[in-house]
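Q: I am new to this structure. Please take one part of its surface, look at it closely, and then place it beside some of the interior and the loops.

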Amino acid sequence: MADPTLLITVYVFLIGLLLALGILLAFMPYLMRRQECFSVTVPAASANDPYLRKLKRRFATIMCALTTVLFIAVSIVFYIDASKQWDTLDYFLVAGDVILIVAYYALMLVFRKKVRAYKEQQGWCADAQRASAIIGEEPPSKISFKWNLIYLVIMATTAIIGAIVYPAIPNEIPMNINLDGVVTNWMQKSPAVVVFPVIIEGFLGACFAGSHAVILRSRTWSDPGAPATSALAYGLYARAWSIFSLVFGSLLSICIGALFLLSALRLVSLSVVCIVVFVVVISMMISAMALSVVYGQVGSRVFKRMQDSKTMPEDSDEHWKAGIIYFNPEDASVFLPERFGIGWTFNWARPASWVILIGFALVVVVFIVAVRAMV
């Protein structure tokens, strides 16, 4: 039997993440560029507009209230289910996360409609689409995509070590455990024991390398009013997320390979494997939230000296469907920064975006089929 304290610790972390997610989503409008308010282009000077500030406060208040209600509900279920069964709590945790995300986007659409009406009322519009060129300023150097070769090194190392220790692996390898730490599924010893962790590492490496490629190939954001400073802010932002992807992708891959082999050799239990992987994933999520708060979207919080202008250098609202889906056939970019949220998105008017999406879906299907076939 597993120590119930470990399970309690895991659930406390998950409940804490629910609270952290809600707070992060609540204050997302404050992490966006000053020229964007609920996915609507506005003048930078409007960041101090009383009405827009009231909308942001109202959004944050509603999301914080919803987060508080869900946090209290999940905490009550946790207290009732402690040391009994955890099925109800699992459902509440998943439902809580889903409710927060759905409410977040639903509220964004409601407030986006209000901002668009206010924008029209104020007569805010861009006289012309302006771009900027940066001369004499070097933005932070990008993290080379070649660093992703580290995933091949990790996979090769796992395969070599697996082949060396293969004779010492018992005839049955534990694969699944329940919440009490009891093994519920075993895998018969075969060469698949060595291949299995390598396939998982390859899939994780492909996902993180893909994320890095998106960052490198994304359209670079800069503000025509202050091109050098804004480009510097975006460069720092993109560099930070590239390092984040490489560090946690490598760490997670190493943990998966090493812990699987140690578990196969019966040197560590699956409970320990789950706890270690959980700690790495939790650390990754906390780090992602910290980066979001420190840098803001496209480095908006780094770029604190933006000029307060009453004009708008660009206005691409018509290309953002529902505020989150970018569709612009005239834009050659395949990737670009999100309009409302942290990270990057696709230009769905480009065929390459659909090719990448379908390709990734096929990779996921092949990965699932391969894993199920071996297990």
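A: A residue counts as buried when its relative accessible area is under 20%, as exposed when that area is over 50%, and as partly exposed in between. The model is a predicted one, and the part chosen here is helix α2, which covers residues 50-81.

Start with I76, which is in helix α2. Its relative accessibility is 47%, so I76 is partly exposed: the value falls between the limits of 20% and 50%. I76 is one of four residues in a nonpolar patch on the surface; the others are I72, Y79 and I80. Together these four have about 460 Å² of accessible area.

Helix α2 also takes part in a charged patch. Which residues form the positive surface patch? They are R53, K54, R57, R58, K113 and K114. Two helices, α2 and α3 (87-122), each supply at least two of these residues. The greatest contribution is that of α2, with 4 residues.

R53 can stand for the α2 side of this patch, since its place is in that helix. With 43% relative accessibility, R53 is partly exposed, because 43% is neither under 20% nor over 50%. A residue of a patch must have over 30% relative accessible area, so the 43% of R53 meets that condition. The C-alpha atom of R53 is 9.6 Å from that of C37, and the two residues are 16 positions apart along the chain.

K114 can stand for the α3 side, as K114 lies in that helix. Its relative accessibility is 32%, which makes K114 partly exposed as well. This value is over 30%, so K114 also meets the accessibility condition for a patch.

From K114 the view can be carried to a buried residue. V40 and K114 are 74 residues apart in sequence, while their C-alpha atoms are 10.0 Å apart in space. V40 is found in strand β2. Its relative accessible area is 1%, so V40 is buried, the limit being under 20%.

The loop before that strand holds a backbone feature. F38 lies between β1 (36-37) and β2 (40-41). Most residues other than glycine have a negative phi. F38 is not a glycine, yet its phi is positive, at about 50°. F38 is buried, because its relative accessibility of 2% is under 20%.

A positive phi also appears at R266, again a residue other than glycine, with a value near 65°. R266 is in the loop between α6 and α7. Is R266 buried or partly exposed? Its relative accessible area is 44%, so R266 is partly exposed.

The two helices beside that loop lead to the interior. The largest nonpolar core has 42 residues, and the members that touch the most others are V193, Y234, W241, F244 and W344. At least two residues of this core come from each of α5 (192-217), α6 (227-264), α7 (270-295) and β8 (344-346). The largest share is that of α6, with 14 residues.

W241, one of the members named above, has a C-alpha atom 8.4 Å from that of A288, although the two residues are 47 apart along the chain. A288 is in helix α7. At 19% relative accessibility A288 is buried, because the value is under the 20% limit.

Another pair can be set beside this one. L251 is in helix α6. The C-alpha atoms of L251 and V277 are 9.7 Å apart, with their positions 26 residues apart in sequence. The relative accessible area of L251 is 37%, so L251 is partly exposed.

Back at the part chosen, α2 holds I76 of the nonpolar patch and gives 4 residues to the positive patch.

Technical notes
Residues numbered from 1 in each chain as written. Predicted model: local features only at pLDDT ≥ 70, side-chain atom pairs only at ≥ 80, totals over all residues. Heavy atoms only, no water. Patch = residues over 30% accessible without salt bridge, like charges linked within 9 Å, V, L, I, M, F, W, Y side chains within 5 Å. Areas by Shrake-Rupley, 256 points an atom, 1.4 Å probe, with all protein chains shown as cover. Salt bridge = Lys/Arg side-chain N within 4 Å of Asp/Glu carboxyl O. Lys, Arg positive; Asp, Glu negative; His and termini not counted. Charge placed at Lys NZ, Arg CZ, Asp CG, Glu CD. Buried < 20%, exposed > 50% of the residue type's maximum accessible area, 1.4 Å probe, protein only. Core = buried A, V, L, I, M, F, W, Y, C linked by side-chain atoms within 4.5 Å.
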